Amino acid sequence: MPEEPREHTEGVLTVVPARHTGRWVAVAVIIVLIALVIQTLVTNPRFQWAVIGEFLFSPPILQGLLKTLMLTAVTMVLGIVIGVVLAVARLSPNPILSGAAWFYSWFFRGTPLLVQLLFWYFLSALFPVIALGVPFGPSLFEVSTNELISPLSAAILGLALNEGAYMGEIVRAGLMAVSPGQTEAAEAIGMTRIQVMRRVVLPQAMRIIIPPTGNETIGMLKNTSLVLVIGYAELLTSASLIYSRTFQTIPLLIVAALWYLFVTALLSIAQYYVERHYGRGFHPAVQHKGRKRDLVKTPEILVAPAEILPEMRTH
Amino acid sequence: MGEAMLKAEEVRKNFGTNEVLKGISLEIARGEVACLLGPSGSGKSTFLRCINHLEKIDSGQMWVDGERVGYRRSGSKLYELKGRETARRRAEIGMVFQQFNLFPHRTALENVIEGPVVVKRIRRSDAVITGHEMLDRVGLADKAHHYPSQLSGGQQQRVAIARALAMNPSLMLFDEPTSSLDPELVGEVLDVMRELARGGMTMVVVTHEMGFAREVADVVHFMADGVLVESGDPRSVLSNPTHERTKNFLAKVLG
């Protein structure tokens, strides 16, 4: 193509955007794939949409869903608490504490979750009675293991203790990502170790901790289905109880899957807002507002001249 | 302890096998502005960090405002202080860092009132009023609700000074406060420090700003290789150094 003549630069020039041929190809491929999926969803009678509709809001499924949500919430809260304790212990200068924390995460990450769940459920086979007392001495308190261990308590124990090990690593990564200068600055104004952790280090570590914790929560939502093996009637167990009776396996698995997907969507939205909260101060482009009660309190003292300096001094 | 705000006797500090402080003895009087000068690696920042016990000294003794740093003496024994007691003493000493170390998740005002509210347990509404005063002192009254990421380096360092002043300290430590600032922002921070010195604050300043040392310091201490080489009036030390080390250093710095 010849060089464009100079005289063409006078007057208004039109900009022609670049053509994205690849995008159009991708769109075409995706449309075809979506059409195929819709076709099979609509025409394949074995999906049994009527059955799915019948069970989607049925009481046993909704009760199962409620138990799944409860189990997820309880085990994640416990897991996060265990995780924070583990991370702080692991990073502490006390070698016994950090060693114990290391052992915990090695042990609980090193055995399959399914094994751990079964282990807690069948704990009475190992310890028929759980007693609290002096080692080799008298016991102060005794309870039969079978009274303590139900499908629910075994599920909570298994899932929470396992989750704690993973959360410990996540929290530790978050704590280590906060610059040591932050701790020094906080210590220099006289904060104790606990205040430094609570007011300065943890809030900043949260930025790092939140995204993988969202991941863990979504993972936990689905991992709760493993308690099927110990018979706690959460969502998947409830679905399986129905299909083992009616043999409508696929539609009931779809019912469960639809609920898992729906809750995952809700959790992702929640994660977005939590991330935004802990991201304050880190995006210079966004104009942040301080606390409202501080904003109204801009006092007249602002006109005070620099001459007040001597009086401000310590005694 | 007499009038001394800070007294150090034969202070030694090792990092592993590396001896960073080889027996530093000095006194800083109340209301005095002392500049610690010397080449990097001379131990001046380490010495400063020993004053508020961010670093633990390995031998020697140190007193701030008559109180022994890091230990409590009872008879012939020195008991190492627990975290809470160390924290209480640190609250009396303000510190300003080379990297500012403002809390990025808090606004300028929130940074300033953090110590008064959390450490001194002053009512938040009262702390906010004092906080605004402190920000005004460093010329940042209009930046109270800005986050550190929205401020220039010089402004951040001035907020850091306000944060230290809000604790009403009896001694201020400055660890190379202008070393990570763009050249055109150094002046505004030095102005605030000059004003503070004029107000009678006791200050220990680790710096490479020879102009500031000459103009503001009452005493300069020149350190090299963990040893206090010479001390004295800034005009005499900076203009007529007696030691070879000081002469070499000044020749390099002043060009």
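Q: How are helices H3(A) and H8(A) oriented to each other in this predicted model: parallel, antiparallel, perpendicular or oblique?
A: Start with the axes, which come within 5 Å and cross at roughly 45°. Angles under 35 degrees would count as roughly parallel, and 65 to 115 as roughly perpendicular. The crossing angle of roughly 45° fits neither range, so H3(A) and H8(A) are oblique.

Q: Is the crossing of H3(A) past H8(A) left-handed or right-handed, and how many nonpolar residues are in the contact?
A: H3(A) covers residues 59–91 and H8(A) covers residues 151–177. Their crossing is right-handed. Sorted by class, the contact has 5 polar residues, 4 charged residues and, for the class you asked about, 23 nonpolar residues.

Q: How are H3(A) and H4(A) oriented to each other?
A: H4(A) spans residues 95–110, and its axis comes within 7 Å of the axis of H3(A). The two axes cross at roughly 135°. Over 145 degrees would count as roughly antiparallel, and 65 to 115 as roughly perpendicular. The pair falls in neither range, so H3(A) and H4(A) are oblique.

Q: Which residues of H4(A) meet H3(A), and is the crossing left-handed or right-handed?
A: From H3(A), the residues taking part are Ile82(A), Leu86(A), Ala89(A) and Arg90(A). Their partners in H4(A) are Leu97(A), Ser98(A), Ala101(A), Trp102(A), Tyr104(A) and Ser105(A). By class, this contact divides into 7 nonpolar, 2 polar and 1 charged. As for the handedness, the crossing is left-handed.

Q: What share of the residues of chain A count as buried?
A: Chain A has 14 helices and 2 strands. Among its contacts with a separation of 6 or more, 72% join residues 24 or more positions apart. Of the 315 residues of chain A, the share that count as buried is 35%.

Q: Which residues touch the most other members of the largest nonpolar core?
A: In general, nonpolar side chains in soluble globular proteins tend to be buried together. Here the largest nonpolar core has 68 residues, and its largest share, 10 residues, comes from H8(A). The residues that touch the most other members are Phe47(B), Ile51(B) and Met62(B).

Q: Which residues does Phe47(B) touch, not counting residues up to four places away in sequence?
A: Phe47(B) is one of the residues touching the most other members of the largest core. Leaving out residues up to four places away, its contacts are Leu6(B), Ala8(B), Leu21(B), Ile24(B), Leu26(B), Leu36(B), Met62(B) and Met223(B).

Q: Is Glu114(B) buried or exposed?
A: Glu114(B) sits in helix H3 of chain B, residues 108–119. Not counting residues up to four places away in sequence, it touches Ile189(A), Met191(A), Arg199(A), Phe103(B), Arg106(B) and Val119(B). Its relative accessible area is 3%, and the cut-off is under 20%, so Glu114(B) is buried.

Q: Where is His53(B), and what is its phi?
A: His53(B) is placed in the loop between helix H1 (44–51) and strand S4 (59–64) of chain B. With 15% relative accessibility, His53(B) counts as buried. Most residues other than glycine have a negative phi. His53(B), not a glycine, has a positive phi of about 65°.

Q: Does Asp65(B) count as buried, partly exposed or exposed?
A: Asp65(B) lies in the loop between S4 and strand S5 (67–68) of chain B. Although not a glycine, Asp65(B) has a positive phi of about 55°. Its relative accessibility is 31%, so Asp65(B) counts as partly exposed.

Terms used:
Residues numbered from 1 in each chain as written. Chains lettered and ligands numbered in written order. Predicted model: local features only at pLDDT ≥ 70, side-chain atom pairs only at ≥ 80, totals over all residues. Heavy atoms only, no water. Axes fitted to C-alpha atoms, helices over the stretch in contact; angles between N-to-C directions. Helix = DSSP H or I, 4+ residues; strand = E, 2+ residues; numbered from the N terminus. Left-handed = near helix turned anticlockwise from the far one by under 90°. Nonpolar A, V, L, I, M, F, W, Y, C, P; charged D, E, K, R; others polar. Buried < 20%, exposed > 50% of the residue type's maximum accessible area, 1.4 Å probe, protein only. Core = buried A, V, L, I, M, F, W, Y, C linked by side-chain atoms within 4.5 Å. Contact = heavy atoms within 4.5 Å.
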